[in-house]
Amino acid sequence: MNNPITQSFIDGIAYFWGVGDNPIEKYYEERKAKNEGLESWEIDARNLRRDWERVGMYINNAMGYYEHETAETK
């Protein structure tokens, strides 16, 4: 499923009815496996990089909105 929110909802409902795994435990197991073999500073550095990439994306989107709004008024 492409939409993570819908997938999370479906996993939660399946767990509630007893036909699926606990989605929270599954998330932490996947996260632990993803970080296997990395030092804590490496995990922190990777997470900080992702945060700053998102900040850049938000600034870029804001600039695009501003350019779009100012182009309409000219």
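**Three helices, one spread-out chain**

Hi everyone, let's start with confidence: in this predicted model, the protein chain is least confident in helix α2, residues 23-34, with a mean of 87, and most confident in helix α3, residues 40-73, with a mean of 92. Over the protein chain, the average pLDDT is 89, and 97% of the residues score at least 70.

Now for the overall picture. What elements does the protein chain have? There are 3 helices and 0 strands, so reading from the N terminus you get α-α-α. How spread out is the protein chain beside a compact globule? Its radius of gyration is 19 Å, while the globule rule gives 11 Å for 74 residues; that is well over the rule, so the chain is more spread out than a compact globule. You can also look at the C-alpha trace, which spans about 60 × 35 × 15 Å along its principal axes. And of the 74 residues, 5% count as buried.

Let's walk along the chain, beginning with helix α1. This helix covers residues 4-16, which is 13 residues. From its first C-alpha to its last, α1 reaches 18 Å, close to the 18 Å expected at 1.5 Å a residue. Have a look at the start of α1: there, a side-chain oxygen of Asn3 comes to within 3.0 Å of the backbone nitrogen of Ile5. Just after α1 you will find Gly18, which takes a positive phi of about 80°.

Helix α2 comes next, with 12 residues. Between its first and last C-alpha, α2 reaches 16 Å, close to the 16 Å expected at 1.5 Å a residue. Which residue caps the N-terminal end of α2? That is Asn22, with a side-chain oxygen 3.0 Å from the backbone nitrogen of Ile24.

Here is something fun to find on the screen: the aromatic rings. A search of the whole structure turns up 2 aromatic pairs. One of them joins Phe16 and Trp17, edge-to-face, at 5.2 Å centre to centre and with 85° between the planes. Phe16 and Trp17 are both exposed. Why does the pair of Tyr27 and Tyr28 count as edge-to-face? The ring planes of Tyr27 and Tyr28 are at 70°, and planes over 60 degrees apart count as edge-to-face; the ring centres are 5.2 Å apart. Tyr27 is partly exposed, with a relative accessible area of 46%, and Tyr28 is partly exposed too, at 48%.

Now move on to the loop between α2 and α3, where Asn35 is found. Is Asn35 buried or exposed? Asn35 counts as buried, because its relative accessibility is 16% and the cut-off for buried is under 20%. What does Asn35 touch, leaving aside residues up to four places away in sequence? The answer is Ile43 and Arg46. With Arg46 there is also a polar contact, side chain to side chain, at 2.2 Å.

My last stop is Met57, in helix α3. Met57 is partly exposed, with a relative accessible area of 42%. If you look from Met57 back to Lys34, 23 residues apart along the chain, their C-alpha atoms are separated by 24 Å.

So, to take away: picture 3 helices in a chain that is more spread out than a compact globule. Thanks for listening!

Conventions
Residues numbered from 1 in each chain as written. Heavy atoms only, no water. Helix = DSSP H or I, 4+ residues; strand = E, 2+ residues; numbered from the N terminus. Expected span 1.5 Å × (residues − 1). Polar contact = N/O pair within 3.5 Å; in protein donor to acceptor, adjacent residues only side chain to side chain. pLDDT = per-residue confidence, 0-100. Phe/Tyr/Trp six-rings, centres within 6.5 Å; stacked < 30°, edge-to-face > 60°. Buried < 20%, exposed > 50% of the residue type's maximum accessible area, 1.4 Å probe, protein only. Contact = heavy atoms within 4.5 Å. Rg over C-alpha atoms; globule rule 2.2 N^0.38 Å.
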